[in-house]
Amino acid sequence: MSVLPLVFTSGWASGINAYAVVLLLGVFGATGLSDDVPESLQRPEILVTAGVLFLCEAVADKIPYVDSVWDSLHTVIRPVAGAWVGALLAGQSGSLSDLAAGAIGGSTALASHTVKAGTRMAINTSPEPFSNFVMSTAEDLGVAGILTFAMFHPEAAAIIAAVLLFAGLVVLVFLVSRIRRFLRRRAQRREERRMAERVEQPPD
């Protein structure tokens, strides 16, 4: 059976929470729940590092505006992680070339990361802070649930991931105007901060 559905699903999940993907896959492999997980993902140092970074993301991802900064920092990390995991899965299976799997995993991760980052920008325009916590928790549970489902039903999980990705892109198109307002507000705050710093500076 081709590993393509699992590569696609892991790529989608990596765009949302790459550390959770590495941690979950490593646990699945280490506990014997799946034979499709490469040994390199099961190494203790990989699991510990992924676990610590996952906890960091779990906190940062639920704080308004901090989540957007975190997303910006991970614009490169998540696609690279998706490509890396995809290539490893392909190498383990042998049914798909590493290069093709890396391209699929990386591009899918980039698309889902764009949806997540854009949606968070729109959510941060809301005056209440609870939507960030709810959205982040839903994303974490979604990644864990779909990735676990993919271990046993990869084709069905890939279809669900594709539907969620498409729906997210559609929603993102409608949120563009709200995101633009968010960016304008952030630029205005930066300008106000610079003006305040100039006023506070003592004269020569």
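Biologist: Helices (H or I, at least four residues) are DSSP runs numbered from the N terminus, so where is Val170 found?
Modeller: Val170 sits in helix H7, residues 154–174. This is a predicted model, so local features need pLDDT of at least 70 and side-chain atom pairs 80 or more, while totals for chains, interfaces and linings use all residues. Residues are numbered from 1 along each chain as its sequence is written, and side-chain values use heavy atoms, without hydrogens or water.

Biologist: Is Val170 buried or exposed?
Modeller: In between: Val170 is partly exposed, at 35% relative accessible area (between 20% and 50%, 1.4 Å probe, protein chains only).

Biologist: New topic: what about the phi of Tyr65?
Modeller: Tyr65 has a positive phi, about 70°, although it is not a glycine. Tyr65 lies in the loop between helix H2 (44–60) and helix H3 (66–73) and is partly exposed, at 30% relative accessibility.

Biologist: What volume has the largest pocket?
Modeller: About 320 Å³. A pocket is an open set of 1 Å grid points where a 1.4 Å probe fits, with protein on both sides within 12 Å along at least five of seven lines, and lining residues have an atom within 4 Å of a point.

Biologist: Which residues lie nearest its centre?
Modeller: Trp12, Ile16, Met135, Glu139 and Leu164, out of 16 lining the largest pocket. Helix H1 (4–30), helix H5 (98–123), helix H6 (130–152) and H7 each supply at least two lining residues.

Biologist: And which helices supply at least two residues to the second largest pocket?
Modeller: H1, H2 and helix H4 (77–93) each do. Its lining includes Tyr19, Leu53 and Trp84, and its volume is about 190 Å³ (the space filled by probe spheres set on the points).
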